[in-house]
Amino acid sequence: MNKVAIIMGSDSDLKVMQGAMDTLKALKVPFCVRILSAHRTPDAAARFAKGAQGEGYGVIIAAAGKAAHLAGAMAANTLLPVIGVPMKSSTLDGLDALLSTVQMPSGMPVATVAIDGAVNAALLAAQIIALSDADLAKRFADYRAAQTAKVAEKDERISAEYSCL
Ligand code: RP5
């Protein structure tokens, strides 16, 4: 199975990105985690992106805050799909990172999830990997079914309490 790379601009992003790690672990998707920065370690970031496909990665998740160019910098240096996670790590509550990550020029896509959307980034990565892995596709379908069952159970409980006509 192809691996997922979780790249983040700083170790201050780790706490939020733990959600991505936990989600990939639960779905049994292999992943690695690196701290690489588009601005502070541009050469190492570019080197990683250029080598990622050859190293067996299938998707790159790139999380960064403030003037968040990491996902775009990854995309510019690989043919792999890149998922960007804007981090809420600034005085602007992540709006700066959201715009920096999502507003990519035509021809160079980054699939941007919500601010601090680490879990959705992992789920999207798993969906991409699952396209060529039937066992993972089954685990992902089970995950979705469990989620649906959980909401149905909550609906039953709450509607019984506040019954509507
Ligand atoms: C970004 O700047 C990082 O991704 C992080 O979200 C933000 C702040 O980094 P630190 O100053 O905490 O290292 O590059």
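Which residues is Ala126 in contact with, once its neighbours within four places in sequence are left aside? I started my notebook on this predicted model with that query, and the contacts I found for Ala126 are Leu27, Val29 and Leu136.

**Entry 1: around Ala126**

I placed Ala126 in helix α5 and then looked up its accessibility, which is 0%, so Ala126 counts as buried. I also checked the spacing to Lys28, and from C-alpha to C-alpha the two residues are 9.3 Å apart in space, although their positions lie 98 residues apart in sequence. Lys28 itself sits in the loop between α1 and β2, and with a relative accessibility of 57% it counts as exposed. I noted the backbone of Lys28 as well, since its phi is near 55°, a positive value in a residue other than glycine.

**Entry 2: the overall fold**

I next read the secondary structure along the chain and counted six helices and five strands, which follow one another in the pattern β-α-β-α-β-α-β-α-β-α-α. The C-alpha trace spans about 60 × 40 × 30 Å along its principal axes. The chain has 165 residues, of which 41% count as buried. For contacts with a separation of 6 or more, I recorded that 67% are between residues 24 or more positions apart. The exposed surface comes to about 9100 Å², and carbon and sulfur atoms supply 56% of that area. On the charged side chains, I noted 16 positive and 15 negative ones, with the centres of the two sets 5 Å apart.

**Entry 3: the sheet**

In what order do the five strands lie in the sheet? I traced the order as β2-β1-β3-β4-β5, in an open sheet with parallel pairing. The edges are β2, residues 31-35, and β5, residues 111-112, each of which pairs on one side only.

I then followed β1 towards both of its partners. Towards β2, the two strands run parallel and are joined by five bridges, and within this pairing Val4 has Phe31 as its bridge partner, while Ile6 has Val33. Towards β3, the pairing is again in the parallel sense and extends over six bridges, with Val4 standing opposite Val59. Val4 is therefore a residue that I can follow to both sides of β1, to Phe31 in β2 and to Val59 in β3. 

**Entry 4: enclosure of β1 and the cores**

Is β1 largely enclosed or largely open to the outside? Five of its six residues are buried, so I put β1 down as largely enclosed by the rest of the structure.

I then turned to the nonpolar cores, keeping in mind that in soluble globular proteins nonpolar side chains tend to be buried together. The largest core here has 26 residues, and Val4, Ile6, Met17, Ile61 and Val85 are those with the most contacts inside it. At least two residues of this core come from each of β1 (3-8), α1 (14-26), β3 (57-65), β4 (82-87), α5 (118-130) and α6 (134-161). The largest share, eight residues, is supplied by α5.

I looked more closely at Met17, which, apart from its neighbours within four places in sequence, is in contact with Ile6, Met8, Ile61, Ala63, Val85, Met87 and Ala118. I also found a second, separate core of 23 residues, and Leu36, Ala62, Leu80 and Val110 are among them.

**Entry 5: two further residues**

I looked up Ala73, which is found in helix α3, residues 70-76, and whose relative accessibility of 25% makes it count as partly exposed. The C-alpha atoms of Ala73 and His39 are separated by 9.6 Å, with the two residues 34 apart along the chain.

My last query concerned Asp116, in the loop between β5 and α5. Its phi is near 65°, a positive value in a residue other than glycine, and at 29% relative accessibility Asp116 counts as partly exposed.

Methods:
Residues numbered from 1 in each chain as written. Predicted model: local features only at pLDDT ≥ 70, side-chain atom pairs only at ≥ 80, totals over all residues. Heavy atoms only, no water. Core = buried A, V, L, I, M, F, W, Y, C linked by side-chain atoms within 4.5 Å. Buried < 20%, exposed > 50% of the residue type's maximum accessible area, 1.4 Å probe, protein only. Helix = DSSP H or I, 4+ residues; strand = E, 2+ residues; numbered from the N terminus. Contact = heavy atoms within 4.5 Å. Areas by Shrake-Rupley, 256 points an atom, 1.4 Å probe, with all protein chains shown as cover. Lys, Arg positive; Asp, Glu negative; His and termini not counted. Charge placed at Lys NZ, Arg CZ, Asp CG, Glu CD. Pairing = 2+ DSSP bridges.
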